[in-house]
Structures are given as structure tokens and as C-alpha cells.
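User: I would like to learn how to read a model of this kind, feature by feature. Could we go through it together?
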Number of protein chains: 2
Amino acid sequence: MNSENDRDASCDCNLIHKDTVEYVAGKMPAEEDLYNLAELFKVFGDTTRIKILCALTEAEMCVCDIAALLNMSQSSISHQLRILKQARLVRYRRDGKVVYYSLDDEHVKQIFGQGLIHLNEK
Amino acid sequence: MNSENDRDASCDCNLIHKDTVEYVAGKMPAEEDLYNLAELFKVFGDTTRIKILCALTEAEMCVCDIAALLNMSQSSISHQLRILKQARLVRYRRDGKVVYYSLDDEHVKQIFGQGLIHLNEK
DNA sequence: TATACATATGAACAATTGTTCATATGTTGG
DNA sequence: CCAACATATGAACAATTGTTCATATGTATA
């Protein structure tokens with residue numbers, strides 16, 4: 001069923017399972033969706049941001065509190081919160097001089113949970 | 001209820017909500033777990049690896065097939081597969097010269113799904 | 001066993017990223 | 001309006017990362 005030895009210009013080896021490649025190609029989501037998905041996970045892929053998200057799972061916190069909790073500078077926390085904000089993972093409200101951050105939706109907890117399940121089952 | 005203005009040596013601002021910080025500190029998972037979680041998501045945080053995982057959701061594929069599908073070099077695919085292997089996200093079986101890769105468990109699909117839900121709801 | 005082919009891997013390089021430092025912005029209280 | 005403070009942000013720098021290139025490893029077959 002597989003057509004072997006079709007030379008593909010884009011790849012330095014032979015196309016071994018043409019049918020499979022064509023089948024999967026037809027099933028792949030749009031390039032843009034895959035890019036956005038990777039961008040989302042990239043946000044989760046940093047220890048500081050993971051800690052911030054984890055903390056916000058427990059309570060709404062201001063920037064200073066997070067910095068104190070994680071024993072890190074206010075500046076770095078603020079930079080990371082901006083990234084989390086852009087990814088719509090956290091939201092904020094201002095109360096005077098203080099800005100309070102909290103999780104933007106429940107998906108964050110779900111994604112966390114799936115990650116932990118994977119880690120614990122191995 | 002909150003003790004304000006306790007100067008914290010680790011943070012260049014005041015500790016605004018001492019109670020909150022202490023409460024959350026008590027709830028935080030072990031440092032190592034958070035590190036591993038971030039490492040896991042880091043693996044998902046690259047377009048090439050996302051595409052590979054997405055492809056393997058549909059079918060078992062060999063390295064050449066994946067390279068042809070994604071229009072990328074055999075070498076880069078192989079490098080990325082090693083990372084996916086180390087994260088226990090894919091497994092492989094050898095059949096002669098050809099090495100076939102497939103998803104290692106169902107969690108991958110679950111994590112994918114949660115990511116897509118987050119992206120689609122905004 | 002010699003050749004061809006599929007895959008793996010090390011080194012090098014460009015690109016991206018997280019933190020720090022300095023400073024700007026925004027808000028409150030005197 | 002000014003001083004103090006919480007937060008935000010731009011530039012710079014070190015560290016990490018993904019790809020390429022060259023080459024090594026492993027397997028089948030002529």
C-alpha cells in the first residue's frame with residue numbers, strides 16, 4: 001500500500017510511507033493554530049511563570065507579594081506577569097497603588113493538572 | 001488582618017499582605033515538582049515539536065516521514081525526537097533500518113486539548 | 001563484506017529568552 | 001504640588017535553544 005522511494009526535494013531521505021504522510025497531512029490543523037498552541041505552552045515552560053501561576057491558584061496576589069513569596073525581584077516578576085497577561089492566563093485589577101493579579105480562567109488549572117498526571121505516572 | 005510594611009530583604013518593596021504570602025507559601029508544591037512541570041511544558045513550547053506530536057496523534061511515523069511532512073531536515077527532526085523521547089512523550093520501535101515513533105501515552109492528547117480549549121475561548 | 005540508506009549525534013552559530021539595572025509611570029497622602 | 005511607594009518598562013547581558021553541517025552508527029542487501 002505504501003509507495004516507496006519517492007524522492008522528496010524538501011527532505012534529504014526517501015519518502016518511505018507516502019500514504020501515511022498524505023493521510024496525516026490532511027489531518028494536521030492550520031499552521032497558525034499550531035503556532036499559537038506552541039506559544040501558549042512556551043508561557044508555561046518557565047519555572048518562574050509556573051510558580052506565579054501556581055501561587056495565583058491559591059489566592060489573588062499583588063506584585064510585591066509574589067516577589068516576596070518567590071524571593072525574586074519586583075522587576076522580574078513584573079516582566080513575567082506581562083507575559084502571562086498577554087497570554088490571557090492572568091488578569092489584574094488596580095486598587096490604589098496596588099495591582100492585584102489572579103488567574104484568568106479555569107483552563108490554567110486543567111492544563112496544570114494534566115501536566116502533573118503525566119509526571120506522576122512515570 | 002494583613003500586616004503591612006514589613007521590609008523583606010529579598011524584595012525591594014514592602015511585604016503588603018503577609019498573611020496571604022504565608023498562606024500561599026504553605027500551599028506551594030515542592031520546588032522540584034514545579035521545575036519538572038516547567039520542563040515538561042517547555043517541551044510543548046516549540047512549533048516543530050508541537051507539529052511532531054500532532055502528527056503522531058494521527059499515525060505512527062518514521063523519521064523520514066515526519067521530515068517530509070513538515071518539510072524539514074532529517075537531522076532537526078531527529079534532534080527534536082530525542083527531546084520528546086527524553087520527556088517520555090513519544091516511544092519508538094525499530095523495524096530494520098526504519099525507526100517508528102508514536103505517542104507514549106494519552107496525556108499528550110489531553111494536554112493538547114486543554115491548550116486548544118484555552119485558545120478557542122478567547 | 002561493501003554499499004546504500006535510515007537514523008543519531010556533536011559542534012558551531014544565530015536567535016530567543018530571563019534577569020538585572022536604571023528609570024519611568026501612576027497613585028496616595030501630607 | 002511634592003514625597004513616598006507600587007508597578008511597569010527599556011536596554012544590556014548572560015544563558016539557553018533550534019537549526020545546520022558534517023559525520024558516526026546501525027541495518028539490510030547485493
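User: How do the residues of the surface near DNA strand D divide into nonpolar, polar and charged?

Analyst: In this predicted model, the surface near DNA strand D holds 10 nonpolar, 12 polar and six charged residues. In total 28 residues surround the strand, and the closest are A:C62, A:V63, A:C64, A:S75 and B:G96. Two or more residues each come from α4 (63-70), α5 (74-86) and β5 (98-103) of chain A, and also from α5 (74-86) of chain B, while α5(A) makes the largest share with six residues.

User: By what turn and shift can chain B be laid on chain A?

Analyst: A turn of 180 degrees with a shift of 0.0 Å along the axis lays chain B on chain A with an RMSD of 0.1 Å, and the two copies are therefore related as by a two-fold rotation axis. The same surface serves both copies, since 100% of the contact residues of chain B recur in chain A.

User: In what order do the three strands of the open sheet in chain A lie, and is the pairing parallel or antiparallel?

Analyst: Strands of a sheet pair through backbone hydrogen bonds, in either a parallel or an antiparallel manner. In chain A the order is β3-β5-β4, and the pairing is antiparallel. Because β3 (61-62) and β4 (90-95) of chain A stand at the edges with a single partner strand each, one side of each is left without a neighbour in the sheet. Two bridges join β3(A) to β5(A), and A:C62 has A:Y100 as its bridge partner in β5(A).

User: Which helix packs on the sheet?

Analyst: Helix α3 (residues 47-58) of chain A does, touching β3, β4 and β5 of chain A, with its direction at about 90 degrees to that of β5(A).

Notes:
Residues numbered from 1 in each chain as written. Chains lettered and ligands numbered in written order. Predicted model: local features only at pLDDT ≥ 70, side-chain atom pairs only at ≥ 80, totals over all residues. Near = placed C-beta within 6 Å. Helix = DSSP H or I, 4+ residues; strand = E, 2+ residues; numbered from the N terminus. Nonpolar A, V, L, I, M, F, W, Y, C, P; charged D, E, K, R; others polar. Least-squares fit on C-alpha atoms with pLDDT ≥ 70 in both. Contact = placed C-beta atoms within 7 Å. Pairing = 2+ DSSP bridges. Axes fitted to C-alpha atoms, helices over the stretch in contact; angles between N-to-C directions.
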